[in-house]
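Please look through the structure below with the report beside it, taking one region at a time. The sections go from a helix to the cores, then to the ligand and to some single residues.

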Amino acid sequence: MDTKFFKKLGRSVSSLGLGTWRMGEDKSMDDACIAALKRGIELGATMIDTAEIYANGRSEELVGKAIKDFDRDELFIVTKVWPTHARYEDVLKAAKESSRRLGTHIDLYLLHWPSDIPICETMRAMEELVKTGLIRHIGLSNFDVKGIEEARACLKNNDIAAVQNRFSPTYRKDYSEVIPYAKKEGMMYMAYTPIEKGALAGNRLLKKIGEKYGKTPIQVALNWLICIEPVVPIPKASRIEHVEENVGAMGWRLSQEDFAEILNRL
Ligand code: NAP
């Protein structure tokens, strides 16, 4: 299995996770989404990312159905609280509801976006959730380094274990600041929209490099992300052939020269 160890998580997770945004919106696609998630897990992508906001909780329900026959200890389940639920009592309630829909505890609970609620109030609720065992780790999504440090300063018995932001071979806002910070601090960096909604499938440079490895442009894009130490990309795929292709980004690495060519020329 292709995994990465993170000091702040105290464990390894799969080097690629499964995204679920939009799953559950179209009920006629439920079975296909569950099958795609199961296939991804079978092939070693044992981290799943969801959120209470996705399809108003239905995405979490589908994740719950997809994971129920797997060994829970092998999985890493991530979900998020929406900023309108960032008050102390609301965070506790939202986590309880997410956990009920998932049918299990939450390995990593993220504040989905910065909110107007004082961050220390939200972090206080997160610490309470760790204490009760409903969540294992605390993280942030759509935060810069300043915001991460503000949240860390509030925490008494825990630390921020992960950050999830938008990052892809063509969208690299975090390359020089948030990602090196995550690496230095032993945090996981989850890269969302890692294949630019599938648009990278048509990229000529990725195609040319992929030919050397017998890999597709999408597999090269995802592998480029995996090559960056703290980064775990979380592509979403509701089609089995997409999930199989994406998981084929694990188990090998681009050469340093090819990594640099993508960095410099894309
Ligand atoms: P993405 O993963 O870059 O792209 C998903 C789209 O690409 C889907 O339409 C999917 O189609 C298609 N696709 C998947 N594999 C493909 C392949 N091998 N070839 C061609 N097309 C392929 O974008 P995303 O969904 O925005 O981001 C991924 C995940 O990150 C989300 O699902 C969510 O879990 C998370 N996310 C988090 C935030 C945040 O604020 N924290 C924001 C956005 C996303 P099919 O579904 O038809 O297979």
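## A covered helix

A residue is called buried when its relative accessible area is under 20%, and exposed when that area is over 50%. The model shown here is a predicted one, and in it helix α8 is mostly covered, since 10 of its 10 residues are buried. Among these buried residues are P217, Q219, N223 and W224.

What do the buried residues of α8 pack against? Their partners are β1 (3-6), α7, β10 (231-233), α9 (240-247) and α10.

## A helix with two faces

Helix α10, which spans residues 256-265, has D258, F259, E261 and I262 as buried residues. Why do these residues lie on the same side of α10? They do so because they cover an arc of only 160° around the axis. As a general point, an α-helix has 3.6 residues a turn, so residues three or four places apart point the same way.

The buried residues of α10 pack against α7 (204-213) and α8, whereas the face turned away from the buried side carries Q256, E257 and N264, which are exposed.

## Nonpolar cores

The largest nonpolar core has 72 residues, and the members that touch the most others are Y109, M123, I148, I160 and Y189. Helix α8 (residues 217-226) gives this core its largest share, which is seven residues. Apart from this core lies another one, made of 14 residues, including F6, V13, M47 and F76.

I148 can be taken as an example of a core member: when residues up to four places away in sequence are not counted, I148 touches L140, F143, I160, V163, V178, Y181 and M187.

## Around the ligand

The ligand is surrounded by 28 residues, of which the closest are D49, K197, K236, S238 and H242. Several polar side-chain atoms can be paired with atoms of the ligand: one of S141 lies 2.8 Å from a nitrogen atom of the ligand, and one of E245 lies 3.1 Å from a nitrogen atom of the ligand. In the side chain of N142, an N or O atom is 2.9 Å from an oxygen atom of the ligand.

How much of the area that the ligand exposes when taken alone is buried by the protein? That area is 900 Å², and the protein buries 88% of it.

## Single residues, buried and exposed

N165 belongs to strand β8 and has a relative accessible area of 5%, so it counts as buried. The side chain of N165 makes a polar contact, at 2.8 Å, with the side chain of D174. Once neighbours within four places in sequence are left aside, the residues in contact with N165 include S141, N142, F143, V178 and Y189; S141 and N142 also appeared above with polar side-chain atoms paired with the ligand.

R58, found in helix α2 (residues 58-67), has a relative accessible area of 19% and is therefore buried as well, because the cut-off for this word is under 20%. With its neighbours within four places in sequence left aside, R58 is in contact with G24, K27 and D30.

Is K156, in the loop between α5 (145-154) and β8 (160-166), buried or exposed? With a relative accessible area of 70%, K156 is exposed. K156 and M123 are 33 residues apart in sequence, and their C-alpha atoms are 9.3 Å apart in space.

Terms used
Residues numbered from 1 in each chain as written. Predicted model: local features only at pLDDT ≥ 70, side-chain atom pairs only at ≥ 80, totals over all residues. Heavy atoms only, no water. Core = buried A, V, L, I, M, F, W, Y, C linked by side-chain atoms within 4.5 Å. Buried < 20%, exposed > 50% of the residue type's maximum accessible area, 1.4 Å probe, protein only. Helix = DSSP H or I, 4+ residues; strand = E, 2+ residues; numbered from the N terminus. Contact = heavy atoms within 4.5 Å. Near = heavy atom within 4 Å. Polar contact = N/O pair within 3.5 Å; in protein donor to acceptor, adjacent residues only side chain to side chain. Areas by Shrake-Rupley, 256 points an atom, 1.4 Å probe, with all protein chains shown as cover. Arc of directions from axis to C-beta.
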